[in-house]
Every structure is written in C-alpha cells, then in structure tokens.
Amino acid sequence: MTEAAELPPAPEQARTVFGEQYQAAVRYAELLADAGVQRGLIGPREVPRLWERHILNCAVLSEVVPENVTVCDVGSGAGLPGIPLALVRPDLKITLLEPLLRRTTFLTEVVELLGLDHVTVVRGRAEEVLGKLPPVHVVTARAVAPLDRLAAWGVPLLRPYGEMLALKGDTAEEEVKSAATALSKLGAVATSVLHVGEDVVDPLSTVVRVEVGESPGGVRFAAKRAKAARTGRTRRRR
C-alpha cells in the first residue's frame, strides 16, 4: 500500500473562499488526507494536491449555484463537490447521494464533525431514489461518468426548470456535442460550458450546465416519478 504524502498547508485563497468556515475546510482536508486515504476514498498520491485540485476546485462551483435552493450531489464519493459547496454556501439545502456504505459512513462522520446542519447524507443510486426524494433545483456531480450517462441519472432528480452542474475536464466541449441527442431526450433546453474560479484555481474549473424545461428526464421519467409518488402515498395510507 502506498503511503500517503503529507498534506500541504492551506493556500491563501482558501481563507478568501471559505471565510468563517476556513477552519472547517482545513479539518475536512485533514480528514480526506487521513481517513479518506485509509478507507480508499482518496488516492494517496492526491494528498499533495488536495487543496488546488479537489477542495478549491469544487468550492468555486458556488459561483454558479443560485441562492437558497435545494441541491443533490450525485455520486458524492468523499464529498466532492458537495462538502466544499456546503462550507461556502450555508444558504443551500444539500443532499449527498452515494450508493456505497463505506462512503456514506465517511460522509455522515464529516457532516457531524463539521456541524453541517444543512446537509443530509442518503445512501442509494440516483435511479433508486427517483420519486422518493423531493425533486431539487440543482444537481451537482464531479468525475462520475460521461455526460450522457451522468445526465440520465441526474436530470430526472430535478424540479421543472432546474439545472445540472457537472464539473468536467478538458473534454467538456466534446462531451456536450456527443451528448446533445441524449440531453434533448432528457428534457434539456440549453447546455453551456462555464469556467469558474478566477484568482482561486489555475486552471479554472470547468462546469457543464444543463438546463431543463418543464419535464426533467423526459416523458419516460415523468411516468416513473408519478408511479413512485403513487406507491409512496399508498404506503403512507397503510
């Protein structure tokens, strides 16, 4: 097993980005570098670049998230981007959605340790919680899957006229082009590539924004949501 490198000090930009939550952000970085590596959530070689490549890279997503909305972080893993976003934006109500038990256990510990009362951890896959979780304004994701597959999981969780914000890399433009047909079938009405994190991260973080109309996920998912809602009402009556 490769020994983890030492976590470097937080860069000065972290104080600006996290403000009053700076110490909580430092604690989160320490948890990632320690328990996160031990439990296989973060590769040991990522520790030296935890701040720039992971924590700050995710925190700047806050620049394009509307105020006072509900967010579902799909495939949250070690809490990226959900935890940094929660530290920067206490106005948001965030659900960290993750199917693996060892990851949800870690996420629950982090949320409790950092006192993030506006964050909820849910174990499950996006397709399993459809109709069980309330639809959200914004779905976030990072390094989960190619855009077409990611959208198939995330877009159906949105409210009408919501948006999916996916942190992507250099292939973002190509992914948008190749996923155009799939996105249209899922009810997307606009797709754009944004760059955020000026004076914070270099290179800038790349975000793909997928905006939906009145039928997130398209007709097929509207039917699934309705069926799940009916099933839920029947169970409550019992």
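Q: Why is the pairing of E30 and R27 called a salt bridge?
A: A salt bridge requires a side-chain nitrogen of Lys or Arg within 4 Å of a carboxyl oxygen of Asp or Glu. The side chains of E30 and R27 meet at 3.6 Å, N to O, and therefore satisfy that limit. The structure is a predicted model, in which local features need pLDDT of at least 70, side-chain atom pairs count only at pLDDT 80 or more, and totals for chains, interfaces and linings use all residues. Residues are numbered from 1 along each chain as its sequence is written, and side-chain values use heavy atoms, with hydrogens and water left out.

Q: What separates E30 and R27 along helix α2?
A: Helices (H or I, at least four residues) and strands (E, at least two) are DSSP runs, numbered from the N terminus. Within helix α2, E30 and R27 are three residues apart, which means a separation of about one helical turn.

Q: What makes E30 and R27 count as buried or exposed, or as something in between?
A: Buried means under 20% relative accessible area, exposed over 50%, and partly exposed in between (1.4 Å probe, protein chains only). E30 has a relative accessible area of 37%, so it is partly exposed. R27, at 38%, is therefore partly exposed as well.

Q: How do you know that R39 and E109 form a salt bridge, and which parts of the chain does the pair link?
A: The side chains of R39 and E109 meet at 2.9 Å, N to O, in a salt bridge. This pair links distant parts of the chain, since R39 lies in the loop between α2 and α3 and E109 in helix α5 (residues 101-114), 70 residues apart. R39 is partly exposed at 32% relative accessible area, and E109 is partly exposed at 31%.

Q: Why is E46 called buried, and what is R53, its salt-bridge partner, called?
A: E46 has 16% relative accessibility, so it counts as buried. R53, with a relative accessible area of 42%, is partly exposed. Their side chains meet at 3.9 Å, N to O, in a salt bridge. E46, R49 and R53 are linked in a network of salt bridges. By the same rule, the count comes to eight salt bridges.

Q: What makes the link between H54 and E46 a polar contact?
A: A polar contact is a pair of N or O atoms within 3.5 Å; within protein, one must be able to donate a hydrogen and the other to accept it, and residues adjacent in sequence count only if both atoms are side-chain atoms. The side chains of H54 and E46 are joined by such a contact of 2.7 Å. H54 is found in helix α3 and, at 8% relative accessibility, counts as buried.

Q: Which residues does H54 contact beyond its neighbours within four places in sequence?
A: Contact means heavy atoms within 4.5 Å. With those neighbours left aside, H54 is in contact with E46, R49, L80 and R142.

Q: Why is helix α3 described as largely enclosed by the rest of the structure?
A: Eight of the 10 residues of helix α3 (residues 50-59) are buried, so the helix is largely enclosed. The buried residues are L50, W51, H54, I55, L56, N57, C58 and A59. They pack against elements including α1 (12-18), α4 (82-88) and β7 (205-212).

Q: How do you know that the length of α5 agrees with expectation?
A: The expected span of a helix is 1.5 Å times one less than its number of residues. The 14 residues of α5 should span 20 Å, and its end C-alpha atoms are 20 Å apart, so the two agree.

Q: What places the buried residues of α5 on the same side of the helix?
A: In α5, T104, F106, L107, V110, V111 and L114 are buried. They cover an arc of only 160° around the axis, which means that they lie on the same side of α5; the arc is that of the directions from the helix axis to the C-beta atoms. On the other side of α5, E112 and L113 are exposed.

Q: Why is N68 called exposed?
A: N68 has a relative accessible area of 56%, so it is exposed. Its place is in the loop between α3 and β1, and N68 has a positive phi of about 55° although it is not a glycine.
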